Structures are given as C-alpha cells and as structure tokens.
Amino acid sequence: MSTPAPKLSTVNADYTIGLVGAGGIAHEHLPAWLALGVKVVVFSIDGAAELIGGYRPTVAAGVLTAVGSLDELLDAAAAVDVCTPTTTHAEVVRRAAAVGCHVLCEKPLARTAAAAAELISVCADAGVQLYPGHVVRYFPEYATMRAAVASGTIGAVAVQRFSRAGSRPAAAWFADDQLSGGIVLDQSIHDLDFARWTAGEVDRVFAQEAQSPGAGGVRSAQVVLTHTSGAISYVTGTWARPGTTFRTTFEVAGVAGILRYDSREHPPLVIDGGRTEVAGTGLLPSTPFVESPFLTEIREVYRAFRGGPRPRVSADDGLQAVRIGEAALESIRTGRSVELSPEPVQVR
C-alpha cells in the first residue's frame, strides 16, 4: 500500500491550517496562525462558534471558517494543529497523518510514552512532520537562559530549580489523572522538558505530590531529576485556587555562575484595555510590546512545514518529556525512585 504524499508545498500561497479543538490553548494558537497570513479551518465538538466569534472581519473575508466534522477539516487543510484534550491526540494525529497532513500537537504529545512513540512512527511512515507544542521553549526569558547555558556562560550545569504555579484548570477532564496525567503531565511537563534541554538526558526520577482536602483543593507536585551528566533538577508545579496569579521561576546553577528568573519580580508591561471578545488562557499577559511566544513557536513550525529548518523542539523531545512525566507518576504511586532505561520506548 503506497503512502500518501504530504499535501504541503513550498510555493502554495493558498495555505490552510486545520485547527482541531476550541479550548483555552486554541485561543492562543488561532491568532498566531492568522498573524502568519494563512487560512484557518476550525473543528471542535464544542466552542468553535465562540472561538471564531471574536474575529468577525476575518470570518467575513473567508480566511477563518468553522466546519462540522473532522473529515471536512482534513479535506480542506494542508496541516493540522491539535488543541484537543490529551487522550484524543492519538486519534486526531493518526487521521491527519493518514491523509498526508503535517501535525503540530499540543503537549503532552500523548497520555503515555508508548502512545507517543506510536504517533511518531505513524507520522514517519506517512512521511509527515510531527511537533509537540512545548511553547515554554519560546518564552524569551527561557530561551535567553537556554542560550546562555549552551554558550557556557555559567559552565557545566550542576543544579536547576523550576517552578510553575497558577489556578487549577476549569475543565473537568484536567482533574482526572487517567485523562490528563494530572499536574505533572499537563503543567510540569514544560519544566521537565526544559530541564532535559539544559542539563541533558535523565537517568532517575523521584516525585511526590500533595493535595489539600476538597475537590478544588490546592495540588502540588515536586519532581527530582538526576541527569546522566550528574546534574540535579528540581521541578515544582502547583494548581492553586481560582484567581491565583500565574507565576514561574527558574534558577540554574553552574560551576561558573547562576542564572535566575522570577515572573513576579520581572513582570511584563501590560495594558488594561478593558474587556475583549476573545478569552485567553491566562498564561500570558496581553501586551503589544512583546511577541507572543505562541506566535514565535508557530512561525517556526510553519516554516518547517513549508520546507524550512526544523524547529527547536522535535517529536522525540515530546516523547522524552512524556517518559519523564510517566516515571514521575510511577514514583508518586510507589514512593520509590524510577530508573529510566537508556533505550526508551522503541519507535519503529
């Protein structure tokens, strides 16, 4: 059976992205795609009308449309952006690859490492590109830190600390660990990925988690990574009560210096322009003076789809982040550290 050729062309001016899902992250991805001048087709079981409703002139111009089925989206799209709940990623990615569409898939790439490895194989067999949405690699402060580490500014990394805290997600599926992977696989995966990017491969994982009483209680997890290099990383994630100000920090210590960042101490300039029609995720400030990291990320992915250089994050990076997250969940369950085998889940 022959493999379908990818639909993409480096000279195709009439380029259409299929955006699947209309939740919080889709509200960040959609304006980025529109800023790149591509057409966007949206399909979501819920929320598509609300998602595109804030872009009435774009809809009227025929640049942005909503369709009634995934099949209809795949018929129209050149590439697919998957912004659906975690356990649905696999089906959407498989169907996109089957018709020759390259794929950007929101993190985590899949709920399990085995599923993530399968998706990588499916896309490789179909001859299409697959990238995970690890947007923190594109935040200016994190990108600057990674560049400093890579250039040897602080010498070899010895100890790293990352933290990420904000309101508990509102959608019910996030609270079901079987669906979302909980705070570790859904939120802390950003910092697990970044810790690996700056300090290298991970040999051992130990994690603990605590939650205050009640369905809406504060939930916090700490993951300790031992890297092959000998470096140690501490990753703390917290889901707090509604209205909690989102905060991130990092501290990276090397043999020749330390790099620190705290979003509370260095807040971006924000303009309060009143209520807007489009609701964002609350993960980023609304400011016209700094490019959205989602736009930076999606521009890199789009250029790769069009035959340009590969972006700074690969499908294997997505797989390794899920492997580390899965090991952390096992450690929380068993109370023991988990060794990561040097040979990860096999990708055919």
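Trainee: How many bridges join strand 7 to strand 11, and in which direction do these strands run?

Mentor: Strand 7 (residues 157–167) is joined to strand 11 by 8 bridges, and the two run antiparallel. Two strands pair if DSSP finds at least two bridges between them, so the 8 bridges here satisfy the definition of a pair. Strands (E, at least two residues) and helices (H or I, at least four) are DSSP runs, numbered from the N terminus. Please note that this is a predicted model, in which local features need pLDDT of at least 70, side-chain atom pairs count only at pLDDT 80 or more, and totals for chains, interfaces and linings use all residues. Residues are numbered from 1 along each chain as its sequence is written, and side-chain values use heavy atoms, with hydrogens and water left out.

Trainee: Which residues stand opposite F250 in the neighbouring strands?

Mentor: F162 has F250 as its bridge partner in strand 11, and F250 also stands opposite Y261 in strand 12. Strand 11 and strand 12 (residues 257–262) run antiparallel with 6 bridges, and a hairpin of 2 residues joins them.

Trainee: Why is strand 11 called largely enclosed?

Mentor: Buried means under 20% relative accessible area, exposed over 50%, and partly exposed in between (1.4 Å probe, protein chains only). In strand 11, 6 of the 8 residues are buried, so the rest of the structure largely encloses this strand.

Trainee: What makes G243 buried or exposed?

Mentor: The relative accessibility of G243 is 69%, which is over 50%, so G243 counts as exposed. G243 lies in the loop between strand 10 (232–240) and strand 11 (247–254).

Trainee: Why is the contact of D71 and R95 called a salt bridge?

Mentor: A salt bridge is a side-chain nitrogen of Lys or Arg within 4 Å of a carboxyl oxygen of Asp or Glu. For D71 and R95 the N to O distance is 2.4 Å, so the pair meets the rule. D71 belongs to helix 4 (residues 70–76) and R95 to helix 5 (residues 89–98), so the salt bridge ties together parts 24 residues apart in sequence. The count by this rule comes to 18 salt bridges.

Trainee: How do you know whether R260 and E251 are exposed or partly exposed?

Mentor: R260 has 59% relative accessibility, over 50%, and therefore counts as exposed. E251 has 27%, between 20% and 50%, and therefore counts as partly exposed. Their side chains meet in a salt bridge of 2.7 Å, N to O.
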